[in-house]
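Dear colleague,

I am handing over the structure that we talked about, and I would be glad if you kept it open beside this message while you read.

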Amino acid sequence: MVSFSSKLPKVGTTIFSQMSQLAAEHGAINLSQGFPDFEGPSLLKERVAHYLLGTHNQYSPMTGVPALRQAIASKIGSLYGADVNADSEVTVTSGATEAIFCGITAFVSAGDEVIVFDPAYDCYEPAIELAGATAVHLPLLPPAFGIDWPALEAAITPKTRMIIINNPHNPSGAVFAVEDLERFAALLEGTDILLLGDEVYEHIVFDGKPHLSLLGHKALRERSLVVSSFGKTYHTTGWKVGYVVAPAALSVEIRKVHQYVTFSTSTPFQLGLADYLVAHPEHHLALPAFYQAKRDEFCSYLQGSRFSFTPAQGTYFQVVDYSAIRDIPDVEMARWLTTEVGVAAIPFSVFYQNAPQDLRLLRFCFAKGSDTLQKAASILSKL
């Protein structure tokens with residue numbers, strides 16, 4: 001047996017894969033992993049098929065198909081008023097996770113510190129550790145999961161290279177207010193600290209609130225790497241097409257890493273997305289109402305249950321408190337719900353470095369058809 005040391009000794013199979021597998025084994029309704037159980041737009045798939053069945057099956061440019069980069073830049077200009085250069089500031093990646101990895105790897109070095117906010121998505125810390133840096137975890141403040149600004153200010157040191165922010169926030173569903181961006185700008189003024197903005201749920205914000213992208217804030221944009229995902233927007237998570245937008249000088253460094261991670265992303269998917277994005281902007285513009293209806297439907301089904309909750313402000317996840325039902329740890333509760341009750345969820349504590357001992361929260365995905373949501377909620381309401 002060859003001897004070796006793991007670079008990621010704490011990393012195993014993700015909780016998302018574990019819960020989905022458990023749901024499949026027990027025939028449970030899977031509201032755990034964050035993917036829709038419905039298809040993307042038929043016209044979008046037709047455009048991808050057109051290129052797939054045609055003569056567009058070789059490598060695309062490393063930075064992305066020009067038509068898609070231009071469509072992304074145009075969308076950003078329309079939504080956030082930012083003048084983005086499609087050639088020098090937009091890089092298409094094989095999913096948002098790759099964009100995040102490349103952004104961290106390009107700028108974070110051994111001995112650096114990267115601030116992340118708990119609960120945090122699980123791909124951040126492994127990339128930080130592989131760069132030889134340290135993730136500094138700061139808990140968000142429940143129940144609204146806002147930033148603890150005095151704690152953030154105290155956590156910034158000469159070693160701080162980057163702060164990762166996720167807006168809209170997975171798993172809590174919280175979204176930023178204007179005041180949050182202004183406080184970041186004031187706090188970081190005069191520093192070389194970068195912001196990595198995970199904005200994959202940018203089009204899923206509810207109750208008439210706008211998405212406040214880092215790209216729309218002039219001072220913050222100069223220090224920001226902003227990541228988004230077509231999978232979330234077009235219900236096509238299996239295509240793994242995302243992108244990162246950053247100032248030209250930062251994009252140069254990101255691309256140095258990207259070209260040796262995946263080099264380029266599937267050409268037919270990029271061309272199909274470019275066509276659809278230009279021809280049908282109403283899709284992403286209608287997405288908030290589409291998912292708000294699903295949020296409201298799911299929450300209405302749970303109104304008579306013993307779960308307590310505040311409707312999510314964004315994303316397609318709903319957090320619920322189960323403390324009135326069982327007083328057991330959330331990992332144990334999630335497994336029990338899956339194996340004995342028949343509905344799979346994600347325990348909230350897995351998103352923390354050090355979760356509060358009394359945490360009694362679960363995350364459900366409501367990116368599902370009405371029949372699935374109603375059936376799941378009917379089961380949950382009987383607990």
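Below I describe two pockets and then one helix.

Please bear in mind that this is a predicted model, in which local features need pLDDT of at least 70 and side-chain atom pairs count only at pLDDT 80 or more, whereas totals for chains, interfaces and linings use all residues. Residues are numbered from 1 along each chain as its sequence is written, and side-chain values use heavy atoms, with hydrogens and water left out.

A pocket here is an open set of points on a 1 Å grid over the protein atoms alone, where a 1.4 Å probe fits and protein lies on both sides within 12 Å along at least five of seven lines, and lining residues have an atom within 4 Å of a point. The largest pocket holds about 1,300 Å³ of space, and among the 48 residues that line it, T14, F16, Y121, D122 and C123 lie nearest its centre. The second largest pocket holds about 490 Å³, and of its 25 lining residues P143, A144, F145, V319 and L361 are the closest to the centre. Strand β9 (residues 317–321; strands are DSSP runs of E, at least two residues, and helices runs of H or I, at least four, numbered from the N terminus) gives the most to this second lining, with 4 residues.

Turning to helix α3, residues 66–80, its buried residues (under 20% relative accessible area, with a 1.4 Å probe and protein chains only) include L68, I72 and Y80. After α3 comes G81, whose phi is positive, near 70°.

With best wishes

Notes:
Points joined across faces, edges and corners; volume = space filled by probe spheres on them. Buried < 20%, exposed > 50% of the residue type's maximum accessible area, 1.4 Å probe, protein only.
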